Structure formats: C-alpha cells, structure tokens
Amino acid sequence: MSKYTCPMHPEVIKDEEGSCPKCGMALELVMEGLSTQRKTQFTCPMHPEVISDVDGICPKCGMALEPTLNQEEEIENSELDYMSKRFWVSVFLSTPVFLIAMFADLLPNQVPENISIDKIQWFEFLLSTPVVLWAGWPFFVRGYNSIRTWNLNMFTLIAIGVSTAYIYSLVALFMPQLFPPLMQTEGGFVHVYFEAAAVITTLVLLGQVLELNARSKTNSAIKTLMNLAPKKAHRIKEDGNDEEIELSQVHLGDKLRVKPGEKIPVDGEVVSGESNVDESMITGEPIMVKKTIKDRVIGATINKNGTLIVEAKKIGNDTMLAQIVNMVAQAQRSRAPIQKLADTVSSYFVPAVVISALLAFLTWWFIGPEPKLAFALVAAVAVLIIACPCALGLATPISIMVATGRAALMGILIKDAQTLETMEKVNTLVVDKTGTLTEGKPKVTKIITTNDFKEADVLALSASIEKASEHPLADALVSYAKEKHIDLLEVESFNSITGKGVEGRVNTQALFIGSQSFLNDANIELSTTMIESANEMREAGEGVIFVAIDSQFAAIIAIADPIKKTSKQAVKELLQDGVNVVMLSGDNEKTANAVAKKLGITEVHAHVMPADKANVIKELQSRGMVVAMAGDGINDAPALAQADVGIAMGTGTDVAIESAGVTLIKGDLLGIIKVRKLSVATMKNIRQNLFFAFIYNSAGVPIAAGILYPFFGILLSPVIAAAAMSFSSVSVIVNALRLKNIKL
C-alpha cells in the first residue's frame, strides 16, 4: 500500500493523498523509505538542463529522457523495451530484403528466370515499408521536431537520409519513366534502395539498443546505492514487543530493534546495546566500527554481532543514503567545462553535414559517371548517415556519469562535473590541521597549576565554562572532567571570542580561558616558568590552554589531537605527485610546526583565524596556483568557497555533503589521492572520446562523399555508413565504462 508524507513534517504519514494537517502542503509519495515527489522528473543525459515531468524525448538532441533518480526499473527500461521490439521486427523483415538485394546485385545471372526484377522490387517494398514507416517512425518524429524547433541533431540526419532513400525508391518503383533512359534497365526498371533504407533503420535501432543498454550500466552506482536500503524494520511497541513494518512506516523518534546481520533501517542514535557495524557502504572501507549508547548510526549499514536499539533521527530524504543518491544523481547530470567544446562543434556540425551532403549530391550529379543520379543519391545519404554527431555529444556526459558513480561507491561524493575536471589541475592543497590532518578528537594530557590553585578546582571551573563552548578543545576538557567524575557548575555571563578564548563567571568567580595572547589582552600576568612549560608542550605538538581565575593566572592545560594514521602517507603521495601541501592552523607556530614536521609539510600558516583562511587561499591563487582546500565543511565555509575545489572532510551523518565540491565521507586525505587519480583518468577518457569522435566525423564525411572513388573506385554504401555511425556511439560508451575498473 502506498504511503504519503509531508516534506516539511515527515512524521505525518497517511495512506492516501491529501494535505498536511500541520502546514497545508501537498503530501508526497513515500517509496521504500526515500520520500520523493509523486511525479518522477525526467532529464536528458546529454542536456541536463532539460527537465520534464513526463517521459519523452529531448527537444534538443532527440534522445530519450531518463528519470532523474532511476527510482523505478520499469520507467528506466521503457525506452529500451520500446526500441528493442522495433529492432527485432526490423531484423526479421530487413534480413531477407538485404539478402535478396545483394544476391540480385552481385549474382544477377543466378536469379531464377521466373523471378523478375519487378517481383524483387515489390518484395523489397512490401518488407521494407513497415521497417521504415513503423520501426523507424520515432526517428522521423524526432527529426521533424528537430527541424521545427531548429535544434538540429543526429535524428535530423537520419530522418533526411532514410526518407531520401525510401522516397527515391518509391518513385523508381511506381514511376520509373520519370528517370533518364541511362538509369533504366532493358525492362524499363530503375534501381531501388529499399534495402538501404530498411537496413539503415535496423542498424540505427541496433545502435540505440546497444547504447541504451550501455547507458543503463553507467547508472549502476545509483541502483546499487538505492538497493542498499532495507525493506523492513522492527519497531518496538509500547508494550515492549516488536512489530515488523515497511521502511516507509518508520517515524521520527521510533525505537527500532536491529538484530545481528540486519541492515540498520534509518539514520539514528543507539539508545541500548553494543555492536560492531560495517559502514563500508558509506566509507568504502570494510572496517568494523564499534557502536554503543549515544553513538550515531547510518541507515543501510550492517549490524554485525550484537543487538542494537536505535532511535530514528532521520528518515526519508533526510537520511545519509538518500542525500548521497541525490548528490550522485545531480553530479551525473552536471556539465563539465570541456563539454562546451563539443556543444560548440555540434551546433555547427549538423548544418555543415547537410551542406556537405548537398555538395556531394551536386558534385556527383554534374561531374560523376553514369548513372549520375544513383551515385549522387548514394553519396548524399552516406554523408548524412555517417556524420551523425551522437558520439560527439555522448563523449563527456557518459564519462562523468561513470566516474561520479564510481567515486560514490568508494565514499567520495563529487558535487558536479566541473569539480571533477578542475581536480586534475590542482597543484596546491591547503589543509586545515584539526579534523583534517588530525583526528579532530583532542584529549587532555596534562594540567599544570600554580601554587595557589588545585587541579581539581581548575578542572571543575574550566570544564563548566567550556561546556557552553562549541570549540573542539572545549569538548576535550568537558570529557576529561567527566572521566574524573567532576560535577559541572552553572555559568553566568558567558562570552566567546572567536579564535582567542572564552570568559564568564562560575560560582561568582571570573574566568578567562584561551590563548596566551587572550590573557595578555586582559592584562593578566603569566609566570616565566609556566610559559617555558607551555613552549615545551607546543614543541611536542600539543595545544595549550591558559586559565585565569579572578584575574590571577591559575594553570595551563595541555591538549593533544592525534594525527590520523593515513595523513603522513597521503601527504607523501601528494608531494610526490607534484602537489604542494599547505597547512593552516589556529594554533601558535610551535604547535603547528611540530605537527607539520611530523608530516613533512614545509609551508605552515599558524595563528590563522577562520575568517582569514580564505585570504590565504586568495594569496596562493594570486601566485597562479590552482588551489584545493580541505576542511570540515562548516567552519571553513568561506575558505572552501574561495578555493578552486573545496573538499569537506567528515564522517557519518554529521558530514555537510553540500558544503564543498568534494566530500570525503571517511574523512582522511587518502580520499584526495583517489579523487585526483579519478579526475586524471576521467579527463583522459573524455579527451579520448572527443578525439575519436572528431576524427571519426572528420574522416567519415569525405569518405562517404566519395573522395576515394577517383583513386580506388570505392564508394561507401549507406548501409556501411549506418553501421559505422551506430558502433561509434557504442564505442564511446564502452570506453567510458572502463572507468569502472581503473585502479585507484
């Protein structure tokens, strides 16, 4: 049974259409846990700006529109089924036409005496007509629409070519007397090209079937992702018993039981139990992640060995899986800058081909050998058919679709085609230290107090005021206090100064907690001994927080943020690949340099405020650098926007997947290595496609026009031209599919 929900209030679930009782918006259909609009939208793989609410063909290129998210298999396959039926009927009817025509042309003396040319031509006419007028009808419709809207495309050429051969043959069959005597046989018959019209139609249909089959493989990443979502969930009722429900029936706040081996239904939080979870669906890495109470879990990941009770926090389109599917779909429909070259060429190409066909016809008509009209017709039709620019139009979007899908399955989300193209050119990577090079989970390692204060008192006061702060170091201090079982106190007059520290009152005592300069600005005198201790901690790569109580210097707190295991390897590989790595840090120079030295980074910018990070990137860009910026995707938003490519690092459901051009869900720098390799491979693949498409069309037109005839007596048959045209498009797609297997 279908379920309907409100896009603004997903907790509203109904069995039938209607309006939301809370906000009045129209309810939307829920499909297998992914809330979606009731009307699937369709778009063109070559022209993603074309969006339609109904299935149909692209008004610009004539290709079949595809559902934006490929949500329903029957929708996706409708065009393939449509073309397949016409193709097989065409094969059945055109094969005997082709064989008899070839037999009559090549071995005329072997034709039985009781079978006249008249009978052969009528046989060809009867079998070819349904092929051309029924099986090939979609091409005529698309060709007509292309001329009517003046969006000339491959179907313009096919429709003109096939209709020319067919109409010529009709006139030759029914009114042979209209042709000059040199074109007539002894019996007054004129050679017909029904077999050419029928076989061209069949071969174009074959090309469409092969292309649609291959194109469906480029969407395999989205299909794989969508199939990951479980169909059922075990909801815990008020009496404590379980009930099995459809995923679409899960509401926010529901308690769900996830047994060992089952997929977690939706994004949520563990409220009971402990287990290891396979998150390779999200991260691309088959590493078990331990989950216990208050840990976040992601829908479609696999619970391995323990039973978990999970509270549903995100359902429908809000889940990580739904967001990934949506982002991949958008990326696959985006256009790379290099596509502009193909678009420009294509806009002039079809009119040029029509003119070339006309010139070929006139050349053969005026200076060609007899029968001139026949030679002229063959040359013109061959030019029209072989020059179809479908391969040229597919060269870029097909590669982009395969590459972005491949990246998604590795836990790398690429926002658009332009990002993928630019990544190849990046020669400078700017990285934020905390959370990018390091774990982003700092821990308190040491507290040193002055003689006037006790460690427990300093910790209680400091953790209490830091409880109101959102800084990662504040979390470390609060967690440390909880480990020591210290109760936190109420805070008054809390104030946070970005990049410096916090101040407030706890138990009537005034606290200043932050950097050394923050205390200096407050005219708090620091002891030389404590400053020396702080410097030693910084040189060891630890961060230092200074604490003052009632305007008196009280303590220094050392906090260490462990370097990620993969950071050193990633930096090494980037440097070897010619990418300069620049580290940004809000820490002082000693702490920042200590971390940079361990990683082999030579250019460091310390004491950098969040607002100043974008200025560092601007300065690098002014020196001609193509800059990628890797940060957490939220606090570094200005810098990510300023960079040529913004890379958001993150894990689980907290990742801001729309904050940058690339999102590394697993959150380590090795993902950047993979993105660069994929970018290089994709652009190489696109250039190969464009090169072969250009060469094919450039060489094919003069050969079809008959340039080889004066030298070798070779005139390309329209049938051969049709076969070449169809397989050129397929070859481009097959080449793009190689990206699915490259080693990253």
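**Notebook: strand E23 and some helix contacts**

I started with one bridge: isoleucine 545 has isoleucine 557 in E24 as its bridge partner. A note to self before going on: this is a predicted model.

**Entry 1, around E23**

I wanted the whole pairing next. Strand E23 covers residues 543-549, strand E24 covers residues 552-560, and they pair in the antiparallel sense over seven bridges. Another spot I looked up there is alanine 548, which stands opposite phenylalanine 553 in E24.

How many residues lie between the strands in the hairpin of E23 and E24? I found two, and aspartate 550 in this hairpin takes a positive phi near 50°.

Then I turned to E23's pairing with E22. Strand E22 (residues 509-514) and E23 are also antiparallel, with four bridges. Here I met alanine 548 again, as the bridge partner of phenylalanine 512. So I've now got alanine 548 noted down twice, opposite phenylalanine 553 in E24 and paired with phenylalanine 512.

**Entry 2, the sheet**

Zooming out, I counted six strands in an open sheet, in the order E19-E24-E23-E22-E21-E20, with antiparallel pairing. Which strands stand at the edges? They are E19 (443-449) and E20 (491-497); each has a single partner strand, so one side of each has no neighbour in the sheet. From one strand to the next, I get an average twist of 20°.

Is E23 enclosed or open to the outside? I checked its residues and seven of the seven are buried, so the strand is largely enclosed by the rest of the structure. Both faces are covered: on one side I listed Gly543, Ile545, Val547 and Ile549, and on the other Val544, Phe546 and Ala548, all buried. That puts isoleucine 545, where I began, on a covered face.

I also looked for a helix against this sheet. Helix H17 (residues 528-539) lies across E19, E23 and E24, and runs at about 10° to E24.

**Entry 3, methionine 423**

Next I picked a single residue. Methionine 423 is in helix H12 (residues 417-423). Why does it count as buried? Its relative accessibility is 1%, and the cut-off for buried is under 20%.

Then I asked what it touches. Setting aside neighbours within four places in sequence, I have methionine 423 in contact with Val645, Ile647, Ile672, Val675, Arg676 and Ser679. I noted alanine 628 as well: it is 205 residues away from methionine 423 along the chain, yet their C-alpha atoms are separated by 7.8 Å.

**Entry 4, two helix pairs**

For H3 (residues 137-148) and H4 (residues 154-174), I find axes that come within 8 Å and cross at roughly 120°. That makes H3 oblique to H4. The crossing is left-handed. On the H3 side I wrote down Phe139, Phe140, Arg142, Gly143, Ser146 and Ile147; they meet Phe155, Thr156, Ile158, Ala159, Val162 and Ser163 in H4. I sorted these contact residues into seven nonpolar, four polar and one charged.

The other pair is H22 (residues 670-705) with H24 (residues 718-737), whose axes come within 9 Å and cross at roughly 170°. H22 is therefore roughly antiparallel to H24. H22 brings Asn685, Gln688, Asn689 and Tyr696 to the contact, and H24 brings Ala721, Ala724, Met725, Ser728, Val732, Asn735 and Ala736. By class I get six nonpolar, five polar and no charged residues.

Methods. Residues numbered from 1 in each chain as written. Predicted model: local features only at pLDDT ≥ 70, side-chain atom pairs only at ≥ 80, totals over all residues. Heavy atoms only, no water. Axes fitted to C-alpha atoms, helices over the stretch in contact; angles between N-to-C directions. Parallel < 35°, antiparallel > 145°, perpendicular 65-115°, else oblique. Left-handed = near helix turned anticlockwise from the far one by under 90°. Contact = heavy atoms within 4.5 Å. Nonpolar A, V, L, I, M, F, W, Y, C, P; charged D, E, K, R; others polar. Pairing = 2+ DSSP bridges. Buried < 20%, exposed > 50% of the residue type's maximum accessible area, 1.4 Å probe, protein only.
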